[in-house]
Amino acid sequence: MSQESIDQFAKDGYIKLKNVIDPNALKLLREQISSILVEVLGRAPGLAFRSDEMMWLQDDFVRRFVLSKRIAQIATKLLKVNAVRLYHDNALSKEPGCGRTPWHYDHHHFPIDSLNICTAWIPLQPISKKMGPLAFAAGMETYKLVNNLPFNKFDTSYDMQLSDIFLKNQIPIHDSAFDLGEISFHHALSFHTAGANMTDESRMALATTYFEDGACLTSSQTMISGDFQKFMPGIKPGGIINSDYNPICYDSTQTIDK
Ligand SMILES: O=C(O)CCC(=O)C(=O)O
């Protein structure tokens, strides 16, 4: 990790890094996650965005990626913390013809009382622009431009207004293709989106989210959805998140792991 990459993440809120994971390993991971999705969700219906979480608890091969020290070490460096824990894994399969992923940032959905949270997004095949790569609005503070915009879950107006605001404010949008082996990291405050999948192949990715060791479950009731019990069983509002489902994935103070 170059200092330039660490600085870029701090400024832009995301970074794309090439040649992080062996392409052959990713081909095997794609096969494994495809079969898990078929097992859990059945065969792909048309136009769907299929996903599954917490696969690492069931599957040894997936676990090797989700708990990868290499990936977690990058997250540790980007967040400038000593150690990171896993929040959850997420397999994402955007089927042929499936539309846009609307603009959003993740901090709203994470009941974690910390800003030191990021997600590694790991493509499981090369992703051309036609396939809808994850795309980012640059700027760690870009979210402040739209903090007061009311969210409308019934139509696409929120998504369209965000695109307009980013355009008016000349926010750079980074929507380039991904090579196989290239992965991105986005901060929980980074606005991101993805285009439709206009190819005839599923656009598959594994997303793993990490947070700084020592962070607590938020005590604000509005933030706490039923899901937190699935991802951090036994943790009470305000308590340190250290359940068995949130292992430390990398700790820079354990020199043996450096
Ligand atoms: O894969 C996508 O289209 C969206 C993924 C995403 O929003 C995320 O991993 O945070």
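Let me start with E95, which counts as buried at 5% relative accessibility, in what I should say at once is a predicted model. The partner of E95 is R50, and the two form a salt bridge in which the closest N and O atoms are 3.1 Å apart. E95 sits in the loop between β3 (83-94) and β4 (101-104), while R50 belongs to strand β2 (residues 49-53), so this pair ties together parts of the chain that are 45 residues apart in sequence. R50 is buried as well, since its relative accessible area of 7% falls under the 20% that marks the limit for that class.

That pair is one of 11 salt bridges held by the structure, and I would like to walk through two others. In one of them, the side chains of D213 and R85 meet with an N to O distance of 2.8 Å. D213 is in the loop between β10 (203-212) and α6 (227-231), and R85 is in strand β3, so here the parts being tied together are 128 residues apart in sequence. Which of the two classes, buried or partly exposed, does D213 belong to? With a relative accessible area of 34%, D213 is partly exposed, whereas R85, at 12%, is buried.

The other bridge joins K18 to E182, and their closest N and O atoms lie 3.4 Å apart. K18 is placed in the loop between β1 (14-17) and α2 (23-41), and E182 in the loop between β7 (173-174) and β8 (183-187), so the bridge connects parts that are 164 residues apart in sequence. E182 is buried, its relative accessible area being 5%. These two residues do not stand by themselves, because K18, D179 and E182 are linked in a network of salt bridges, where a bridge is a Lys or Arg side-chain nitrogen within 4 Å of a carboxyl oxygen of Asp or Glu.

Let me turn from charged pairs to a methionine, M198, which you will find in the loop between β9 (192-194) and β10. M198 is exposed, with a relative accessible area of 57%. Which residues does M198 contact, once its neighbours within four places in sequence are left aside? The contacts are with K130 and M131, and for M131 the C-alpha to C-alpha distance from M198 is 5.5 Å, although the two are 67 residues apart in sequence.

Now for the protein as a whole, whose secondary structure comes to six helices and 11 strands. Among contacts between residues at least 6 apart in sequence, 83% join residues that are at least 24 apart. As for overall dimensions, a compact globule of 258 residues would have a radius of gyration near 18 Å, and the value for this protein, 18 Å, agrees with that. The C-alpha trace spans about 45 × 40 × 40 Å along its principal axes.

Of the 258 residues, 52% are buried. The accessible surface comes to about 12400 Å², and carbon and sulfur atoms account for 51% of that surface. Finally, on charge, there are 25 positive and 29 negative charges in the protein, and the mean positions of these two sets are 2 Å apart.

Technical notes. Residues are numbered from 1 along each chain as its sequence is written. This is a predicted model: local features need pLDDT of at least 70, side-chain atom pairs count only at pLDDT 80 or more; totals for chains, interfaces and linings use all residues. Side-chain values use heavy atoms; hydrogens and water are left out. Helices (H or I, at least four residues) and strands (E, at least two) are DSSP runs, numbered from the N terminus. The radius of gyration is taken over C-alpha atoms; the globule rule is 2.2 Å times the number of residues to the power 0.38. Buried means under 20% relative accessible area, exposed over 50%, partly exposed in between (1.4 Å probe, protein chains only). Contact means heavy atoms within 4.5 Å. Accessible areas come from the Shrake-Rupley method with a 1.4 Å probe; for residues, only the protein chains shown count as cover. Lys and Arg count as positive and Asp and Glu as negative; His and the chain ends are not counted. The place of a charge is taken as NZ of Lys, CZ of Arg, CG of Asp or CD of Glu.
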